[in-house]
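Open the model in your viewer and set it to cartoon, with side chains ready to switch on. Each stop below gives a selection and what to look for.

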Amino acid sequence: MKKTGIKVWMVCLLMAVLMAAAPQMDGNAAELLEKTKVTGLKVVSAKESSITLSWNPGKGASGYEILRYCGTEEKARVLIKINGGSTAQYTDRRLRSNSSYRYKIRAFVERKGIEVYGRYSSEIKADTLLRVPKVSAVPMKLKKQAALIWHKVPGAAGFEVYRADQRKGAYTRIASVSKNPLISRYTDKNLDRKNTYYYKIRAYKMDKNKKVYGAYSSVKKVKM
């Protein structure tokens with residue numbers, strides 16, 4: 001056999017092996033994938049470093065694959081593969097604060113040990129919240145004042161300060177600070193001696209002239 005004939009024979013043999021090993025979708029699997037197309041993908045909640053998603057579970061799905069985009073589309077990657085067709089929620093953790101993410105999801109069915117994937121759902125966008133301010137509270141009893149101090153929050157346009165007479169009482173906004181320096185300070189004055197006050201602060205950013213808030217800081221107690 002000439003060398004050319006040997007090469008052609010080897011190529012044909014290799015193609016036959018690859019075709020035999022390639023996943024084959026039977027008619028039932030193809031029909032099932034149409035029925036298990038994922039719908040209703042939405043954001044359940046967003047926090048400083050996590051986003052929780054939910055969707056309508058597809059009948060007959062063996063599991064799901066979630067795709068996440070961070071920044072440009074070239075940075076897309078498979079976030080997680082979930083085994084279990086009845087699963088309908090996932091929390092993406094360890095995210096950057098004040099950042100945008102985009103998600104898609106698709107179902108897969110397993111047939112004869114082979115996983116066959118359907119089409120991705122429509123894309124949704126979600127933003128993590130601003131970082132929670134880390135607040136310190138210092139009583140100045142002689143001056144009947146309380147000094148609140150906190151560090152810069154990346155992306156914040158300002159902060160709002162809230163006060164209550166009880167830890168789990170009704171908090172009232174007492175100040176709005178429209179700056180975000182390396183260290184911020186607010187002094188609450190004219191306080192009553194022997195009273196106890198509770199404070200919490202949250203950062204905000206501006207989106208089309210609308211304030212978008214981060215979560216509240218931990219409550220700080222000041223006893224005069």
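Two strands count as paired if DSSP finds at least two bridges between them. Helices (H or I, at least four residues) and strands (E, at least two) are DSSP runs, numbered from the N terminus. This is a predicted model: local features need pLDDT of at least 70, side-chain atom pairs count only at pLDDT 80 or more, and totals for chains, interfaces and linings use all residues. Residues are numbered from 1 along each chain as its sequence is written, and side-chain values use heavy atoms, with hydrogens and water left out.

**Stop 1: β14 and its partners**

Select residues 196–207, strand β14. Add β11, residues 158–164. The two run antiparallel and are joined by 7 bridges. Find E160: R202 in β14 stands opposite.

Now add β16, residues 220–223. β16 pairs with β14 in the antiparallel sense, over 4 bridges. Which residue of β16 stands opposite Y199? Go to K220.

Next, show β15, residues 210–213. Its pairing with β14 is antiparallel too, with 4 bridges. D207 faces K210 of β15 across this pairing, standing opposite. The hairpin of β14 and β15 has 2 residues between the strands. Click K208 there: its phi is positive, near 55°.

**Stop 2: K223 in β16**

Return to β16 and pick K223. Is K223 buried or exposed? K223 counts as exposed because its relative accessibility is 53%. The classes are buried under 20% relative accessible area, exposed over 50%, and partly exposed in between (1.4 Å probe, protein chains only).

Draw a C-alpha to C-alpha distance from K223 to T196: 4.3 Å in space, for 27 residues in sequence. Then show the contacts of K223, meaning heavy atoms within 4.5 Å. Leaving aside neighbours within four places in sequence, they are P139, K141, N195 and T196.

**Stop 3: the three-stranded sheet**

Select β9, β10 and β13. They make an open sheet of 3 strands in the order β9-β10-β13, with antiparallel pairing. β9 and β13 (183–188) stand at the edges with a single partner strand each, so one side of each has no neighbour in the sheet. Neighbouring strands here are turned by 20° against each other on average, direction ignored. For such angles, axes are lines fitted to C-alpha atoms (for helices, over the stretch in contact), and angles run from 0 to 180 degrees between N-to-C directions.

Start with β9 (residues 135–140) and β10 (residues 145–151): 6 bridges, antiparallel. V138 stands opposite A147 of β10. Their hairpin has 4 residues between the strands, and K144 takes a positive phi near 55°.

Cross to the other side of β10. β13 runs antiparallel to β10, joined by 6 bridges. Show W150 and S184 of β13, which stand opposite one another.

**Stop 4: aromatic rings**

How many aromatic pairs does a search of the whole structure find? The count is 5. Rings of Phe, Tyr and Trp (its six-membered ring) pair if their centres lie within 6.5 Å; planes under 30 degrees apart are stacked, over 60 edge-to-face, and the rest tilted.

Select F108 and Y117: a tilted pair, 5.2 Å centre to centre, with 45° between the planes. F108 counts as buried, at 1% relative accessibility. Y117 is partly exposed, at 25%.

Move to Y162 and Y216: edge-to-face, 5.4 Å centre to centre, 85° between the planes. This pair links distant parts of the chain, 54 residues apart: Y162 is in strand β11, Y216 in the loop between β15 and β16. Y162 is buried, with a relative accessible area of 8%, whereas Y216 is partly exposed at 34%.

Keep Y216 on screen and add K200. K200 lies over the face of Y216, 4.2 Å from the ring centre. A charge sits over a ring if NZ of Lys or CZ of Arg is within 6 Å of the ring centre and within 35 degrees of the ring normal. Show K211 and Y204 as well: K211 lies over the face of Y204, at 4.3 Å from the ring centre.

**Stop 5: S121**

Finish in the loop between β7 (114–117) and β8 (124–127), where S121 is found. S121 counts as buried, at 9% relative accessibility. Beyond neighbours within four places in sequence, S121 is in contact with V38, L41, K104 and I105.
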